[in-house]
Amino acid sequence: VIGVALDSAKQPLFDVETRAALVAKDIASLGADAKRIVVKPFSGLLVNFAKEQNATLLIRGLRAVSDFEYEFQMASVNNKIAPEIETVFLTASDATHFISSRFVKQIGKLGGDVSKFVSTHVAQAMAAEFVRGNG
């Protein structure tokens with residue numbers, strides 16, 4: 001299960017349902033393995049969503065050292081709330097560790113090519129949003 005969070009602290013370009021649909025479209029490119037993956041939008045606490053999905057493991061990505069402190073604190077709090085759910089961190093590859101949504105949105109908003117940072121259909125959806133004047 002891939003959970004796509006409604007995060008009121010951030011200002012995403014797309015609503016949570018659209019972001020979930022974009023993730024699902026990316027997952028579809030995995031072929032037969034894609035059938036094993038479900039993408040679901042959610043709001044509220046991640047550990048509550050994990051419990052609803054009968055998950056016992058959270059996989060979180062880390063891009064840089066700056067991510068680690070926040071993610072480590074979140075994992076510690078989550079462990080206090082739901083000790084039965086473990087958190088595992090995966091570090092980004094050298095090829096992607098520098099990519100952030102903030103930078104990608106800024107590049108797209110200024111008319112730059114974001115296709116090196118996101119999938120083709122995400123780049124197309126972003127371009128359509130900017131044409132509409134959103135973002």
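Where does His121 lie? His121 lies in helix H5. Hello everyone, and please keep in mind that this is a predicted model.

Let me stay with His121 for a moment. With a relative accessible area of 14%, His121 is buried, because the cut-off for that word is under 20%. Its side chain makes a polar contact with the side chain of Asp26, at 3.3 Å. If we leave out residues up to four places away in sequence, His121 touches Leu22, Lys25 and Asp26.

Now for the helix around it. Helix H5 covers residues 120-131, twelve residues, and at 1.5 Å a residue it should span 16 Å. The end C-alpha atoms are 17 Å apart, which agrees with that expectation. Along H5, the buried residues are His121, Val122, Ala123, Ala125, Met126, Glu129 and Phe130. What covers them? Helix H1, residues 16-28, and helix H4, residues 101-109, are among the elements that do so. After H5 comes Gly133, which has a positive phi, near 90 degrees.

That brings me to the nonpolar cores. The largest one has eleven residues: Leu13, Phe14, Leu22, Ile99, Val104, Val114, Val122, Ala123, Ala125, Met126 and Phe130. Which element gives the largest share of this core? H5 does, with five residues. A second core, separate from that one, has eight residues, including Val47, Phe49, Ala50 and Ala82. Going back to Ile99 in the largest core, Ile99 touches Arg63, Val104 and Phe117, again not counting residues up to four places away in sequence.

Next, the aromatic rings. How many aromatic pairs does the structure hold? There are four. One of them is Phe68 with Phe72, a stacked pair with 5.4 Å centre to centre and 25 degrees between the planes. Both residues lie in helix H3, residues 65-81, and they are four residues apart, about one turn of the helix. Phe68 is partly exposed at 39% relative accessible area, and Phe72 is partly exposed at 45%.

For Phe98 and Phe117, the ring centres are 6.2 Å apart and the planes stand at 85 degrees, so this pair is edge-to-face. Phe98 sits in the loop between strand S4 (86-91) and H4, while Phe117 sits in the loop between H4 and H5, so the pair ties together parts that are 19 residues apart in sequence. Are these two buried or partly exposed? Phe98 is partly exposed, with a relative accessible area of 44%. Phe117 also counts as partly exposed, at 27% relative accessibility.

Phe68 and Phe72 come up once more, since together with Phe89 they form one aromatic cluster. And there is a charge to look at as well: the charged end of Arg102 sits over the ring of Phe103, 5.0 Å from its centre.

One last stop, in the loop between H4 and H5, is Gly112. Gly112 counts as partly exposed, at 34% relative accessibility. Gly112 and Ala127 are 15 residues apart in sequence, and their C-alpha atoms are 9.8 Å apart in space.

So if you open the model after this, you could begin at the contact between His121 and Asp26, follow H5 to the five residues it gives to the largest core, and then look for the edge-to-face pair of Phe98 and Phe117. Thanks for listening!

How values were computed:
Residues are numbered from 1 along each chain as its sequence is written. This is a predicted model: local features need pLDDT of at least 70, side-chain atom pairs count only at pLDDT 80 or more; totals for chains, interfaces and linings use all residues. Side-chain values use heavy atoms; hydrogens and water are left out. Helices (H or I, at least four residues) and strands (E, at least two) are DSSP runs, numbered from the N terminus. The expected span of a helix is 1.5 Å times one less than its number of residues. Buried means under 20% relative accessible area, exposed over 50%, partly exposed in between (1.4 Å probe, protein chains only). Contact means heavy atoms within 4.5 Å. Rings of Phe, Tyr and Trp (its six-membered ring) pair if their centres lie within 6.5 Å; planes under 30 degrees apart count as stacked, over 60 as edge-to-face and the rest as tilted. A charge sits over a ring if NZ of Lys or CZ of Arg is within 6 Å of the ring centre and within 35 degrees of the ring normal. A nonpolar core is a set of buried Ala, Val, Leu, Ile, Met, Phe, Trp, Tyr and Cys residues joined through side-chain atoms within 4.5 Å. A polar contact is a pair of N or O atoms within 3.5 Å; within protein, one must be able to donate a hydrogen and the other to accept it, and residues adjacent in sequence count only if both atoms are side-chain atoms.
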